[in-house]
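Dear colleague,

Please find the structure for your review below. I would be grateful if you would read the notes that follow alongside it.

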Amino acid sequence: MISGPQFPLPANEAEVQFGEGTESGAALRSALEQREVVEIPTVIGGKRYFSNEVTEVRAPHDTQRLLARIHRPSEAQIKEAISSSKGVAREWASLTHASRATILHRAADIVATRLRAKINAATMLGQSKTLDQAEPDSACELIDFLRFNAYNAQRVYAEQPMSVATAVNRADWRPLEGFVYAVSPFNFTAIGANLTTAPAIMGNTVLWKPSEKSALANYIFFEALEEAGLPPGVINFVPGDAELTTRVALSSPDLAGIHFTGSSAVFQSLWKGVASKVDAFRTIPRLVGETGGKDFVLAHPSANASEVAIALVRGAFEYQGQKCSAASRAYIPRSLWPAVSQQLRERLAELKVGDVADSSTFMGAVISQASHQKLSRVIAAAKDDSAVKLVSGGKTWTEPGWFVEPTVFEVSDPQHALLKEELFGPVLSVFVYEDAQWDQTLELIDATSPYALTGSIFCTDRFALHQAEGVLVNAAGNLYLNDKPTGAMIGQQPFGGGRASGTNDKAGSYLNLLRWASPRVVKETYLPARDWKFGA
Ligand code: NAD
């Protein structure tokens, strides 16, 4: 049991309305119109470092608009960050849970109030999210991560071994011996908050390398942590070059864990990097990675065509398909396809693609020129492919930003790359199966892609639903029945997948926190034995 105050189970943070005439709306508009270019430093032990090596951050939907300049740390500074966290590690670990949890709660409240408009605006501009996508991420989910991590840490600490009449036993939930390297992706501002504070609430220190594409919003969150009283050096903000920062982190014998979210390829390279020198670390590093997906939507002939079409529109195209959970392959029975495809075409024609500050926009731009080039290439090749038919969309353009139309392909070859590989953009591939081939389609979905992150099944036949859940038992870590495969809520649907999608340590739950603790079990005997003979 932990002594001290108990933090109650939090409720999920409610979305705030930013409409015309509201105070929040005015604050958001002013933050969106702000033209000052933010200088993003490296922060080590509370000190800010600016450098000559600078990377520009521009709005993906308006590439003329310069938002920020990231000041990259040198190799020496990254090393200094590691030693600075070493200096504060013991004191941080010795604090009570209540002290650490209070800092997270304060940070949550700061984001929920004073910084809400600012961090939402940074997420909208820097990552090209509409407000409908930013508020649930950079405000609600981020706040939930902080409050739920504070709450769930108590559940870990409360887990204690049994004591008996002659001795008392206890688990000391120690942090790991060393620092945790947190590497966050661009697509959710909230994820950076979780990758850092989950290890920190368990008493660890953290070297945080944010994605350069979300560094602006991530830096605002870091400032909230500082304002909340996070001691300098507990989390160092190191927006360095990915390969350099990783090389330095993995060369330290004090690397005790990696908390990663991003692509499967990068996580696998981190894993190999650790494995290749595993005997060089003081402790075997814990590796936690939530990675890519090729998330499916399966419709049974008993499903309702409109419900399926709406789930596909929202599941595949919200935030330009750049959610790890986004629907990117769909399996639709021939009997439903005419209605589903017609509704997809009609709905998608209504969707506005453009400036995220305009509240009627549904989709902004994709994150970068590299992503735009890759998607343009894939779409162009698909248009020339005899196994592929364009159902909707297919246009891409580069002025004023990296835009890709919501695109749907019907693919006749069930082994086509469009049904296997993660594209991370607004491209949905549909395989139309014969109604009588339901059993084979379940097997096909399970075996087609290396990923197993999310999936959804639309079906009103209870026996078929039960059968599908069984066959697809390992095909998704988050399975949705009669719902789209996106939109997991902290506390409600702990998130993560298996196979190539990661270690399935369920972000935002106590299961994830267990990875950041190394329990020491202490037995204390009341009366030590005074004779060596058994039974004496
Ligand atoms: P990414 O893998 O390109 O980058 C993720 C992070 O790794 C960034 O901080 C990046 O700078 C860093 N990085 C890149 N190359 C590196 C290297 N060689 N060594 C060390 N670090 C490196 O991913 P992204 O484009 O930011 O995000 C999209 C990916 O993340 C998709 O694959 C998506 O499915 C996945 N994702 C998964 C989840 C999940 O919970 N499963 C959530 C969000 C995103």
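The notes below cover the ligand site, two helices, and a number of individual residues.

This is a predicted model, in which local features need pLDDT of at least 70 and side-chain atom pairs count only at pLDDT 80 or more, while totals for chains, interfaces and linings use all residues. Residues are numbered from 1 along each chain as its sequence is written, and side-chain values use heavy atoms, with hydrogens and water left out.

**The ligand site**

The ligand is surrounded by 26 residues, of which Ser184, Thr246, Ser263, Thr291 and Glu422 come nearest. A residue is near a molecule if one of its heavy atoms lies within 4 Å of it.

Three polar pairs involve an oxygen atom of the ligand. In one, the partner is a polar backbone atom of serine 184, at 2.7 Å. In another, an N or O atom in the side chain of lysine 209 is 2.9 Å from a ligand oxygen. For glutamate 422, the distance from a ligand oxygen to a side-chain N or O atom is 2.6 Å. The protein buries 86% of the 840 Å² that the ligand exposes when taken alone; accessible areas come from the Shrake-Rupley method with a 1.4 Å probe, and for residues only the protein chains shown count as cover.

Two elements give two or more residues to the shell around the ligand, namely helix 8 (242-250) and strand 10 (255-261). Helix 8 provides the largest share, three residues. Helices (H or I, at least four residues) and strands (E, at least two) are DSSP runs, numbered from the N terminus. By class, the shell consists of twelve nonpolar, ten polar and four charged residues. Here Ala, Val, Leu, Ile, Met, Phe, Trp, Tyr, Cys and Pro count as nonpolar, Asp, Glu, Lys and Arg as charged, and the others, Gly among them, as polar.

The ligand lies between domain 1 (23-291 + 502-521) and domain 2 (295-481), because both give residues to the shell around it. The domain bounds come from an automatic or database domain assignment.

**Helix 4 and its surroundings**

Helix 4 (residues 116-127) has twelve residues, and its first and last C-alpha atoms are 16 Å apart, close to the 16 Å expected at 1.5 Å a residue. The expected span is 1.5 Å times one less than the number of residues. Eleven of the twelve residues of helix 4 are buried, where buried means under 20% relative accessible area, exposed over 50%, and partly exposed in between (1.4 Å probe, protein chains only).

Among the buried residues of helix 4 are Arg116 and Leu125. The side chain of arginine 116 makes a polar contact with that of glutamate 13, at 2.7 Å. A polar contact is a pair of N or O atoms within 3.5 Å; within protein, one must be able to donate a hydrogen and the other to accept it, and residues adjacent in sequence count only if both atoms are side-chain atoms. Glutamate 13 is located in the segment before helix 1 (23-33) and is buried, with a relative accessible area of 16%. Leucine 125 has a relative accessible area of 8%. Its C-alpha is 7.6 Å from that of proline 60, although the two residues are 65 apart in sequence.

**Helix 7**

The 13 residues of helix 7 (residues 215-227) should span 18 Å at 1.5 Å a residue, which agrees with the 18 Å between its end C-alpha atoms. Ten of these 13 residues are buried, so helix 7 is largely enclosed by the rest of the structure. Glycine 229, which follows helix 7, has a positive phi near 100 degrees.

**Backbone features**

Most residues other than glycine have a negative phi, and most peptide bonds are trans. Serine 128 has a positive phi, near 55 degrees, and is found in the loop between helix 4 and helix 5 (131-158). Serine 128 is buried, at 0% relative accessible area. Lysine 506 also has a positive phi, of about 55 degrees. Lysine 506 is placed in the loop between strand 22 (498-499) and helix 15 (510-514), and counts as buried at 12% relative accessibility.

Glutamate 399 and proline 400 are joined by a cis peptide bond, with omega about 0 degrees. Proline 400 belongs to the loop between strand 15 (396-397) and strand 16 (403-404).

Yours sincerely
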